[in-house]
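Please look over the sequence and the model shown here before reading the report.

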Amino acid sequence: SHAKEILHCLKEKYFKELQDLEVDGQKVEMPQSLSWYPEELAWHTNLSRKILRKSPQLEKFHQFLVSETECGNISRQEAVSMIPPLLLNVNPHHKILDMCAAPGSKTAQLIEMLHADMDVPFPKGFVIANDVDNKRCYLLVHQAKRLNSPCIMVVNHDASSIPNLQIDVDGRKEVLFYDRILCDVPCSGDGTMRKNIDVWKKWTTQNSLQLHGLQLRIATRGVEQLAEGGRMVYSTCSLNPIENEAVIASLLEKSQGALELADVSSELPGLKRMPGITKWKVMLKDGQWFEEWKDVPSNRQTQIRPTMFPIKDEEKLKAMNLERCLRILPHHQNTGGFFVAVLIKKSPMPWNKRQPKVHQKLPQRTGETEVTAANSDNGSECVTEEPTLAENEESKKAQELQNSDTEQSKKEGVCGPPPSKKMKLFGFKEDPFVFLPEDDPLFLPIQKFYALDPSFPKMNLLTRTQEGKKRQLYMVSKELRNVLLNNSEKMKVINTGIKVWSRNSDGEQFGCAFRLAQEGIYTLYPFIHARIINVCIEDVKILLTQENPFLSKFSSETQKKVKDMAMGSIVLKYDPDPEKPDDLQCPIVLCGWQGKTSLRAFVPKNERLHYLRMMGVEVFKAKRKEEESESKTEEEVQQRLVQTEEGMDVEDKEHDLVTKMEAEIGEESSPSPVESSAMEVENKIEDLDQSSKNANSHVRQESKDTDASNVKD
């Protein structure tokens, strides 16, 4: 609901300010909406990053973009890379796997689609976002965290052998098949040649020859895990047929009719595209061309594989409908180059024909399963069967060793890190995910204090610690809980769940030791029946711009409501008035704290700025000192952040100190409010090494139950 308000704000305010603007003697081109993206929710600007960052005239627009990006309300992304999630046709009940997800822009689109209806706090679907690179997984967590969804899980596996997961369906174990799979594979990236200078220096035909096998293995693993009737989108930012049509043709050929290419010519009207090609040749690094596999000399047959060549059988080729693939060329609509193919699974893969029966037996009779899988393996499919066989072998050993431990930990609701020592060698050792036991004494005071609805799914609450005080409570959807509890020994989970409550020692004297966390408030709000104060728009402005304002500053209605309420954590709710169209037209829910004589909001800085902007309050603060006095609002908000963001958490004094120090440094050098850390978001894809380190440390601390993201802000 906030997207429409941001769009209105962009059009009515920021774009109007760009009209007739000249930078370095050149007239600024107005941003244009992408005609093919639904509801004008994607816009393109020709302004380079350098001009955006350095031009004083564009400073306000730049601050707006950076601040809203940090909030998760705007994402900066290559236009063509927005296409695959749109072609997946996601519904809120879909189980989705994103196989090669980092840095996370497409994952963010998928999460957004799951939450199409803001009134449903827990959609039935979820996104499992995977990446093979441990560091990039933390970048992925950082991107996904901005959207505050209880339906996302980040895992760290090799996509070509990602394990089969199991879920509990009415008391029996079943293999998890996904309704939608996004398979955006690693590629040579030659479609990015307009923005990526490295492509010109390093490009060689060898790149594609080396990647083709991996791409085919990942795509094969994807279709194996796709549910019948499900949709998988295969995409690359390359224009080389070896990485594109060759992979799709090979997949279609070995699927023996189980897969078909979907005709998406009527989808995304306005997007200029070319059909997939059916004829191509293969070239070696030294310039030798080959038209058929039989022409390849034996000493080159390890570099060039039969699957790289086009299908010779005309009838087979025609039945494949390769022209249904999409090729997007850079000069058609001023984008990068891109390839997309949409596959639909009509029946199980031929080498997995007995799959459902086999996997239902898995928990009781592993030995027999292994034999069945081995027997169904025919020689030509040995490459694709390998992961499955290895997995069965592994799970057999794991089950023998782990059975008693696993059963015990499941009873306790603990999802620890995988037992395999190998997996712990890569990246950090993650803390376990511990679900709150049903009879946990911790929950009763919370339930009573906030008058939680009986339908509140308390079984979905988890912490990241087995011993000591629980400092943060996180929440996942019921479906993700099912996945977590049944797969802890075979899955390396990096992060899942949103923070809904934080321990606050001051609160104990008022009846509840946990205060509400803003990240999870939109998920929690439908279940809370007490401690809600409905406020008018003027009250919201006071809450977001003033430091701990006295109750006397609020409207008389608010004062009356607060009068009879005990001190402690509260919910502040603003409902739009349709009769006042000039006021903000989307609902706002804020976490707050009621003191003896005052009322304050607990909202991260960028989110504060977001709400104020939407209400038409000027929050821009120029970098230059002579202009500082023009806008005090921003300064107040910043000072307020320092005192409130962590202030109520007595245990987090150390972090308070860091935040205050950062704020002091910030005041000395007077940077723009969101300049320092937020600019990393802009550099994520290009400067991946650096930013993955930043995101790594940033999100790593967060998973250790601290408010690291607030500290960073």
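The report below goes from the whole chain to one surface patch and one sheet.

## Basis of the model

This is a predicted model, in which local features need pLDDT of at least 70 and side-chain atom pairs count only at pLDDT 80 or more, whereas totals for chains, interfaces and linings use all residues. Residues are numbered from 1 along each chain as its sequence is written, and side-chain values use heavy atoms, with hydrogens and water left out.

## The chain as a whole

The chain holds 26 helices and 28 strands (DSSP runs, H or I of at least four residues for helices and E of at least two for strands, numbered from the N terminus). Of its 713 residues, 56% are buried, that is, under 20% relative accessible area with a 1.4 Å probe and protein chains only, where exposed means over 50% and partly exposed lies in between.

Among contacts (heavy atoms within 4.5 Å) between residues at least 6 apart in sequence, 74% join residues at least 24 apart.

## A nonpolar patch

M193, I197 and W200 make a nonpolar surface patch of about 350 Å²; I197 lies in helix α7, residues 197–202, and counts as exposed because its relative accessibility is 57%. Patch residues have over 30% relative accessible area and no salt bridge (a side-chain nitrogen of Lys or Arg within 4 Å of a carboxyl oxygen of Asp or Glu), with like charges joined within 9 Å and nonpolar side chains (Val, Leu, Ile, Met, Phe, Trp, Tyr) within 5 Å.

## A four-stranded sheet

An open sheet of 4 strands follows the order β25-β26-β27-β28 with mixed pairing, where strands pair if DSSP finds at least two bridges between them. β25 (532–534) and β28 (599–601) stand at the edges with a single partner strand each, so one side of each has no neighbour in the sheet.

Strands β26 (residues 568–574) and β27 (residues 588–594) run antiparallel and are joined by 7 bridges, with I570 opposite G592 in β27.

Note on methods. Accessible areas come from the Shrake-Rupley method with a 1.4 Å probe; for residues, only the protein chains shown count as cover.
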